[in-house]
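Trainee: I've got a new model open on my screen and I'd like to talk it through. Can we go over it together?

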Amino acid sequence: MTFFLLLVIAAIVLGLIGAVVKGLFYLLIIGIVVFIAALVYLVLHIRRSGRRQRTRR
């Protein structure tokens, strides 16, 4: 969960810098890509931890 929060914070910072500073639009794009990667990571993490392991009898 810490890794997810770190990715989200990095995405927000990059997005804000890219939106505010003229000529650094590419940072906004990178921030969006990092945010999407964080969401994918979260979905995969929830999916993996939500599974129950089968026991053999």
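Trainee: How many aromatic pairs does a search of the whole structure find?
Mentor: Keep in mind that this is a predicted model. Ring pairs are described by the distance of the centres and the angle of the planes. Searching the whole structure on that basis, the count of aromatic pairs is 1.

Trainee: Which kind of aromatic pair do Phe3 and Tyr41 form, stacked or edge-to-face?
Mentor: Their ring centres sit 5.1 Å from each other, and the planes are 80 degrees apart. Planes over 60 degrees apart get the label we need here. So, going by that cut-off, Phe3 and Tyr41 are edge-to-face.

Trainee: And how many residues apart in sequence are the parts that this pair ties together?
Mentor: Phe3 belongs to helix 1, residues 2–20, while Tyr41 belongs to helix 2, residues 25–50. The pair therefore ties together parts whose separation in sequence is 38 residues.

Trainee: Is Tyr41 buried or partly exposed?
Mentor: Buried would need under 20% relative accessible area. Tyr41 has 29% relative accessibility, and its partner Phe3 has 44%. Phe3 counts as partly exposed, and the label for Tyr41 is also partly exposed.

Trainee: What about the core: which helix gives the largest share of the largest nonpolar core?
Mentor: That core has 5 residues, namely Phe4, Leu7, Val8, Ala38 and Leu42. Helix 1 and helix 2 are the elements that each give two or more residues to this core. The largest share is 3 residues, and it comes from helix 1.

Trainee: Leu7 is in that core, so to speak; which residues does Leu7 touch?
Mentor: Skip anything up to four places away in sequence. What remains for Leu7 is Val34 and Ala38.

Trainee: Which residues is Phe35 in contact with, leaving aside neighbours within four places in sequence?
Mentor: Phe35 lies in helix 2 and is partly exposed, at 38% relative accessible area. Its C-alpha is 8.2 Å from that of Ala10, although the two are 25 residues apart in sequence. With those neighbours set aside, the contacts of Phe35 are Val8 and Ala11.

Trainee: On the surface, how much accessible area does the nonpolar patch have together?
Mentor: The patch is formed by Phe25, Ile29, Ile32, Val33, Ile36, Val40 and Leu44. One of them, Val40, lies in helix 2 and is partly exposed at 45%. Together the patch residues have an accessible area of about 650 Å².

Key:
Residues numbered from 1 in each chain as written. Predicted model: local features only at pLDDT ≥ 70, side-chain atom pairs only at ≥ 80, totals over all residues. Heavy atoms only, no water. Phe/Tyr/Trp six-rings, centres within 6.5 Å; stacked < 30°, edge-to-face > 60°. Helix = DSSP H or I, 4+ residues; strand = E, 2+ residues; numbered from the N terminus. Buried < 20%, exposed > 50% of the residue type's maximum accessible area, 1.4 Å probe, protein only. Patch = residues over 30% accessible without salt bridge, like charges linked within 9 Å, V, L, I, M, F, W, Y side chains within 5 Å. Areas by Shrake-Rupley, 256 points an atom, 1.4 Å probe, with all protein chains shown as cover. Salt bridge = Lys/Arg side-chain N within 4 Å of Asp/Glu carboxyl O. Contact = heavy atoms within 4.5 Å. Core = buried A, V, L, I, M, F, W, Y, C linked by side-chain atoms within 4.5 Å.
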